[in-house]
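Open the structure in your viewer and keep the selection tool at hand. The stops below say what to select next and what is there.

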Amino acid sequence: MSARSQTRWWISGAEPWPFVNPEIIRRSEDKIIVWDACLSFLSIFMQVERHREITVRYQNLNGDVVEVDAGEDRNLSELLQHEIDHLEGILAIDRVTDVKTIVTREEFEKRYRDASPYAVVPVSNTVET
Ligand SMILES: [Zn+2]
């Protein structure tokens, strides 16, 4: 299965997509700032900087080594960087671009929901706080 078809499979289905020993093997120089949140702390949102595109190498449940190219489509690049960070003990809060972007869920919903979730804004166009 090619990386491209795996991406489509993830987008179209609700099936789990296990990643065994995932590793980011390519990061675009181009970066984006996105709203991020985490199931580890449900009540706050913040802006973090991520690579716009990455390639992840992992093993599937059959032990096959596969690669997937992840971009902005469905925020897959951000999602994978977020989850792989967890494996390194890094939380989104560790990557916050500015502590002034940390907001409560209520404030996020009121002020920034239209620009998210995980809406992409250029690095040079961060939210004024
Ligand atoms: Zn998380």
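Select β4, residues 54-59, in this predicted model. Its side chains alternate along the strand. Ile-54, Val-56 and Tyr-58 point to one face and are buried; Thr-55, Arg-57 and Gln-59 point to the other face and are not buried.

**The sheet around β4**

Keep β4 and add β1, residues 20-27. β1 and β4 pair in the antiparallel sense over 5 bridges. For one place to look, find Arg-27, which stands opposite Ile-54 in β4.

Now add β5, residues 65-70. β4 and β5 run antiparallel and are joined by 6 bridges. Two of the buried residues of β4 have named partners here: Val-56 is bridged to Val-68 in β5, and Ile-54 is bridged to Ala-70 in β5. Between β4 and β5 lie 5 residues, and the two strands form a hairpin. In its turn, select Gly-63, which has a positive phi of about 85°.

With β1, β4 and β5 shown together, which order do the strands take in the sheet? The order is β1-β4-β5, in an open sheet of 3 strands with antiparallel pairing. β1 and β5 are at the edges with a single partner strand each, so one side of each has no neighbour in the sheet. From one strand to the next, the twist averages 25°.

Before leaving β1, select Asn-21, which is found in this strand. Asn-21 has a positive phi of about 50°, although it is not a glycine. Most residues other than glycine have a negative phi. Is Asn-21 buried or exposed? Asn-21 counts as exposed because it has 9 C-beta neighbours inside 10 Å, and the cut-off for exposed is 12 or fewer.

**The helix across the sheet**

Next select α2, residues 76-87. This helix lies across β1, β4 and β5 and runs at about 55° to β4. α2 has 12 residues and reaches 17 Å from its first C-alpha to its last, close to the 16 Å expected at 1.5 Å a residue.

Which residues of α2 are buried? They are Ser-77, Glu-78, Leu-80, Gln-81 and His-82. Show β2, β3, β4 and β5 as well, since what covers the buried residues of α2 includes these strands. After α2 comes Gly-89, with a positive phi near 80°.

**Two cores**

Nonpolar side chains tend to be buried together in soluble globular proteins. To see the largest nonpolar core of this chain, select Ile-33, Val-34, Trp-35, Phe-45, Met-46, Val-48, Ala-92, Val-103 and Phe-108, 9 residues in all. β2 (31-38) and β3 (41-51) each supply at least two residues of this core. Another core, of 6 residues, lies apart from it, and includes Val-56, Tyr-58, Ala-70 and Leu-80. Val-56 and Tyr-58 are on the buried face of β4, and Leu-80 is among the buried residues of α2.

Go back to the largest core and centre on Ala-92. What is Ala-92 in contact with, leaving aside neighbours within four places in sequence? The contacts are Asp-36, Cys-38, Met-46, Val-48 and His-82. Met-46 and Val-48 belong to the largest core too, while His-82 is one of the buried residues of α2.

**A stop in β2**

Select Lys-31, whose place is in strand β2. Lys-31 counts as partly exposed because it has 14 C-beta neighbours inside 10 Å. Add Arg-52 to the selection: Lys-31 and Arg-52 are 21 residues apart in sequence, and their C-alpha atoms are 4.9 Å apart in space.

**The whole chain**

Zoom out to the full chain. The chain has 3 helices and 7 strands, in the pattern α-β-β-β-β-β-α-β-α-β along the sequence. Of its 129 residues, 19% are buried. Among contacts with a separation of 6 or more, 68% are between residues 24 or more positions apart.

Finally, colour by pLDDT. The chain averages 83, and 78% of the residues score at least 70. Select residues 1-10: the pLDDT here is below 50, and the stretch has 10 contacts in the model beyond near neighbours in sequence. Then select residues 124-129, where the pLDDT is also below 50 and the contacts beyond near neighbours in sequence number 9.

Technical notes
Residues are numbered from 1 along each chain as its sequence is written. Helices (H or I, at least four residues) and strands (E, at least two) are DSSP runs, numbered from the N terminus. A residue is buried if 20 or more other C-beta atoms lie within 10 Å of its own, exposed if 12 or fewer, and partly exposed in between; C-beta atoms are placed from the backbone. Two residues are in contact if their C-beta atoms, placed from the backbone, lie within 7 Å. A nonpolar core is a set of buried Ala, Val, Leu, Ile, Met, Phe, Trp, Tyr and Cys residues joined through C-beta atoms within 7 Å. The expected span of a helix is 1.5 Å times one less than its number of residues. Two strands pair if DSSP finds at least two bridges between them. Axes are lines fitted to C-alpha atoms, for helices over the stretch in contact, and angles run from 0 to 180 degrees between N-to-C directions. pLDDT is the predictor's confidence in each residue, from 0 to 100.
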